[in-house]
Amino acid sequence: MIASQPEIILHRQSKQNRCFDEKLGKDLRLRMMLIPAGSFTMGSPGDELERSPAEDLQHEVNVNSFTMGKYPVTQAQWRYVAEELPQEQQALNPAPSRFKGDMRPVESVSWDDAMEFCARLSTHAGRKYRLPSEAEWEYACRAGTTTPFHFGETITTDLANYRGTDDKSIGWKGNYGAGPKGKYRAETTPVDHFKVANAFGLCDMHGNVWEWCLDHWHASYEDAPTDGSAWLTEDENASRVLRGGSWGSSPGNCRSAYRNNNTRENRNNNNGFRVVSVASFA
């Protein structure tokens with residue numbers, strides 16, 4: 001007798017949340033979603049499949065409201081800021097990405113490049129833009145969920161862009177838990193390709209490109225702040241945090257709790273970012 005397979009429940013949402021559009025150029029906007037204040041448990045429970053020691057220790061975090069880009073910054077948005085807005089600290093390559101396309105996320109950008117983008121955008125908009133703290137990122141990604149993905153207990157390549165095939169040479173599996181194997185596209189997809197949003201209206205939080213955060217890297221959450229702020233040190237050469245996984249990641253590395261890091265100068269073709277700001281809504 002063949003045992004029945006466990007039911008897999010995944011949630012495909014398309015939310016209409018409060019937002020505003022930051023005008024960049026003619027017919028070019030940056031959509032910012034309101035992320036309400038709240039609290040959540042950061043990190044992963046001890047029984048979460050493929051969890052990393054870097055996800056210890058789980059802790060409660062209180063987060064103030066903020067706004068966050070609905071999508072990772074696109075190549076069209078990047079090019080406008082790089083070409084049209086005055087330099088703050090450093091020059092920006094207007095076309096750094098390996099995988100070209102106006103609606104694809106910009107990639108091959110360093111943490112310092114992303115910070116320059118934020119500085120220029122802040123001056124242009126007259127409001128502060130920055131990278132998210134690691135706590136803000138995870139809070140926004142989870143959007144009230146406690147499962148490994150905001151979709152549910154697993155993930156499929158119909159919902160996100162990641163390596164959905166086995167790679168025995170590096171010991172990666174193309175499926176997560178009871179979920180199915182899928183495609184390996186080996187490139188980025190345009191933002192909102194999957195027409196899926198979490199409960200806060202955010203898209204592409206799992207896979208496509210890793211997203212830079214403000215925080216310096218710490219190997220665990222011991223002594224981490226609990227107010228949602230970025231966890232910084234005095235070492236400006238410290239590695240920076242990346243979240244969310246990418247087109248080249250295993251599904252387990254795309255989990256809400258998974259933590260990655262790289263040097264601030266790294267311009268890998270799977271590293272991108274999205275921005276946050278504090279904005280008032282009437």
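This report describes helix H2, the strands S1, S2 and S5, and the sheet on which H2 packs.

## Basis

The model is predicted: local features need pLDDT of at least 70, side-chain atom pairs count only at pLDDT 80 or more, and totals for chains, interfaces and linings use all residues. Residues are numbered from 1 along each chain as its sequence is written, and side-chain values use heavy atoms, with hydrogens and water left out. Helices (H or I, at least four residues) and strands (E, at least two) are DSSP runs, numbered from the N terminus.

## Helix H2

H2 covers residues 111-125, 15 residues in all, and reaches 21 Å from its first C-alpha to its last. This is close to the 21 Å expected at 1.5 Å a residue, where the expected span is 1.5 Å times one less than the number of residues. At the N-terminal end, Ser110 acts as a cap, with a side-chain oxygen 3.4 Å from the backbone nitrogen of Asp112. Just after the helix, Gly126 has a positive phi of about 75 degrees.

The buried residues of H2 include Trp111, Phe117, Arg120 and Leu121; buried means under 20% relative accessible area, exposed over 50%, and partly exposed in between, with a 1.4 Å probe and protein chains only. Among the elements covering the buried residues are strand S1 (19-25), strand S2 (28-35) and helix H1 (75-84).

## Strands S1, S2 and S5

S1 and S2 pair in the antiparallel sense over six bridges; two strands pair if DSSP finds at least two bridges between them. Asp21 stands opposite Arg31 in S2. The hairpin of S1 and S2 has two residues between the strands, and Asp27 takes a positive phi near 60 degrees there.

S2 is also joined to strand S5 (residues 66-69), by four bridges and in an antiparallel arrangement. Met32 stands opposite Gly69 in S5. Six of the eight residues of S2 are buried, so S2 is largely enclosed by the rest of the structure.

## The four-stranded sheet

An open sheet of four strands has the order S9-S8-S7-S10, with mixed pairing. Its edge strands, each pairing on one side only, are S9 (260-262) and S10 (271-272). S8 and S9 run antiparallel and are joined by three bridges, and Leu242 stands opposite Asn260 in S9.

H2 packs on this sheet and touches S7 and S8, contact meaning heavy atoms within 4.5 Å. The direction of H2 makes about 85 degrees with that of S7. Axes are lines fitted to C-alpha atoms, for helices over the stretch in contact, and angles run from 0 to 180 degrees between N-to-C directions.

Terms used:
Polar contact = N/O pair within 3.5 Å; in protein donor to acceptor, adjacent residues only side chain to side chain.
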